[in-house]
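Thanks for sharing this one with me. Here are my notes, set out as numbered points so that you can follow them with the model open.

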Amino acid sequence: MPLRICFVTAEMAPLAKAGGLADVSAALFKYLTAAGHDMRLFLPAYSSIDRKGIDIQPVEFMRHMLVKIGAQDFPYSVLTASLPGSSARFFLIDCPACFARPGIYTSEADEHRRFLLLTHAAFMSCQRMGFAPQILHCNDWHTALAPLWLRTTYHSDRLFAHTRSVLTIHNIGYQGIVSAAHGAELLAGADDSLLHQPDLHAGRINMLRTGVQYADRVTTVSPGYAREILTAEYGMGLEDDLLARGGAITGILNGVDYDDWDPRSDRYLPRHYGANQLRTKADLKQQLLARLGLRDAPRRALVGIISRLATQKGFDLLIDALPPLLASRDFNLVVLGAGEPQFEDFLAQLQQRHPGRMHFHLGYSDELAHWIEAGSDMFLMPSRYEPCGLNQLYSLRYGTVPIVRRTGGLADTVRHFDAATGTGTGVVFNDYNIEAVIWAMNTALDLYVQRGSWRRLVQNGMAQDFSWQRQIQQYSEMYQQLVQQ
Ligand code: ADP
Ligand code: GLC
């Protein structure tokens, strides 16, 4: 049964991407729309969006809208947009006061307000369009107040009488903790007795916690992470709220949009390859090495990393593990990323110390990301925690062996290789410590020189299928269940 879905997100690829949330929002929009659902997606019209090639039009009846947040009035307009080659249209919320900033996220004092505006605008646009969503799907802390507002602020509108809310947690490490002094803005008329009282007494409001309390269904992006966040080790203080929701928490693994991430058709690559054309992959590696100024040698592996440079991703381990590894083993390393200054500085210094062997590209580049997936032999992801992770999935398809820690979505998607039986798709280590990363890298580098085993490992990975088609089915079923409840 086709459903009416209102989907609200802070990121969507390729327009506004900081991480995997963007890929996932874009894929859910594309595949749920293709499955016949009437999906209305709302995204901020960030001034940083590159509008080239995107068809953007104002919506006449949604110009000069106004929303009051706290004591302040915010004017905004609604635009529709479609991506090249697609007729599906989504909505951009154009509010220069909130979204004319250098990037998607800021560390400014009104950060929460920018996303409150997005959330209000999604509700108000539904009202203007007379669109009665059966499902309101919000994502991460940014839009996590929507389930509360559905029961309070917008409750009296008949349009939302049958709307069920879904909150997807892509990352529990970011919760949107705001001073209770902003209570009036956050509550939008709701009674503060509805908020978590210990937070309130401590002078704060936790947006993600509020979403967990009031969403009809909470989901996260892998079954493994759904189990982990119920524990004190991974729940980051929300484990009790999640436990209180009992069976309402579902883990649906993210998929890969193979239209974008497949070496047989990758738009950034001059030549394409499948599992039986690994010569082409080797040639692409040579081109990448030349471009990055890295020196090749016989059987010298190229290890790739593409990542937000954040503690979550295990860079505190790499600070201690990479220098001894580079000193003791023969491999090249390419890192693409930006983030916390301490990690940027470390990588810049590492590059200086190992000219010709280590290349650090500071910044964001979709094109280089595709090249690294194609040209590298291995991909390193030693995450402290990982709700799903997409790069290990991309790496599998590109024949780039993932070296991952056994956590969250990484544990769900990569199987440790057993040379005796020839089964497995990567190198997986358990403990979050330096010795374990070093062990994993040594294991991978030792395997790399055993040609037969390595080829098997590469081809096992390339044969995996994590396409969205299957995962979309799970979202559809979850929505249907909710609507029928
Ligand atoms: P997270 O969402 O936690 O950052 P994921 O693995 O789910 O982790 O998704 C990260 C996405 O962002 C991938 O598509 C990856 O290629 C991309 N990405 C991260 N950093 C960069 C960068 N510096 N340049 C290009 N793409 C990047
Ligand atoms: C988050 C997580 C990542 C996940 C992505 C998309 O940013 O850190 O593991 O793949 O969201 O769901």
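**Notes on the predicted model**

1. Let me begin with a backbone detail. Arg 299 sits in the loop that runs between α11 (278-292) and β13 (301-309). Its phi is near 50 degrees, which is a positive value in a residue other than glycine. You may like to look at Ala 188 alongside it: this residue, also not a glycine, has a positive phi of about 45 degrees. Ala 188 belongs to the loop between α5 (183-187) and α6 (197-201).

2. A word on confidence, as this is a predicted model. The protein has a mean pLDDT of 97, and 100% of its residues reach 70 or more. Which elements mark the two ends of the range? Strand β12 (residues 249-251) has the lowest mean pLDDT among the elements, at 93, while strand β17 (residues 401-405) has the highest, at 99. As a general caution, coordinates predicted with low pLDDT should not be read in detail.

3. Next, please look at the peptide bond from Ala 13 to Pro 14, which is cis, with omega near 0 degrees. Pro 14 lies in the loop between β1 (4-8) and α1. Both residues come up again in the next point.

4. The second largest pocket has a volume of about 1,000 Å³. Its lining numbers 41 residues, and those closest to the pocket centre are Met 12, Ala 13, Pro 14, Leu 15 and Leu 83. The two residues of the cis peptide bond, Ala 13 and Pro 14, are thus among those closest to the centre.

5. Where does the lining of the second largest pocket come from? Domain 1 (4-255 + 468-484) and domain 2 (278-462) each give at least three residues to it. At the level of elements, α1 (20-34) and α14 (366-375) each supply at least two, and α1 makes the largest share with 6 residues. By class, the lining comprises 25 nonpolar, 6 polar and 10 charged residues.

6. Turning to ligand 1, there are 20 residues around it, and Lys 17, Gly 20, Arg 308, Lys 313 and Gly 363 come nearest. Several polar pairs deserve a look. An oxygen atom of the ligand lies 3.3 Å from a polar side-chain atom of Asp 23, and an oxygen atom is also 3.3 Å from an N or O atom in the side chain of Asn 391. With Ser 365 the pair involves the backbone: one of its polar backbone atoms is 3.1 Å from a nitrogen atom of ligand 1.

7. Ligand 2 is surrounded by 13 residues, of which His 170, Asn 254, Glu 386, Cys 388 and Gly 389 are the closest. Asn 254 places a polar side-chain atom 2.9 Å from an oxygen atom of ligand 2. For Asn 171, the distance from a polar side-chain atom to an oxygen atom of the ligand is 3.5 Å. Pro 387 takes part through its backbone, where a polar atom is 3.5 Å from an oxygen atom of ligand 2.

8. Finally, how many cavities of 30 Å³ or more does the structure hold? There is 1, and the largest cavity has a volume of about 40 Å³. Two elements, β10 (204-206) and α7 (207-214), give two or more residues to the lining of the largest cavity, with the largest share, 3 residues, coming from β10. The residues lining this cavity include Leu 195, His 196, Asp 199 and Arg 204. By class, its lining has 2 nonpolar, 3 polar and 3 charged residues.

Notes: Residues are numbered from 1 along each chain as its sequence is written. Chains are lettered from A and ligands numbered from 1 in the order in which they are written. This is a predicted model: local features need pLDDT of at least 70, side-chain atom pairs count only at pLDDT 80 or more; totals for chains, interfaces and linings use all residues. Side-chain values use heavy atoms; hydrogens and water are left out. On a 1 Å grid over the protein atoms alone, a cavity is a set of points where a 1.4 Å probe fits but cannot get out, and a pocket is an open set with protein on both sides within 12 Å along at least five of seven lines; lining residues have an atom within 4 Å of a point. Grid points are joined across faces, edges and corners, and a volume is the space filled by probe spheres set on the points. Helices (H or I, at least four residues) and strands (E, at least two) are DSSP runs, numbered from the N terminus. Ala, Val, Leu, Ile, Met, Phe, Trp, Tyr, Cys and Pro count as nonpolar, Asp, Glu, Lys and Arg as charged, and the others, Gly among them, as polar. Domain bounds come from an automatic or database domain assignment. pLDDT is the predictor's confidence in each residue, from 0 to 100. A residue is near a molecule or strand if one of its heavy atoms lies within 4 Å of it. A polar contact is a pair of N or O atoms within 3.5 Å; within protein, one must be able to donate a hydrogen and the other to accept it, and residues adjacent in sequence count only if both atoms are side-chain atoms.
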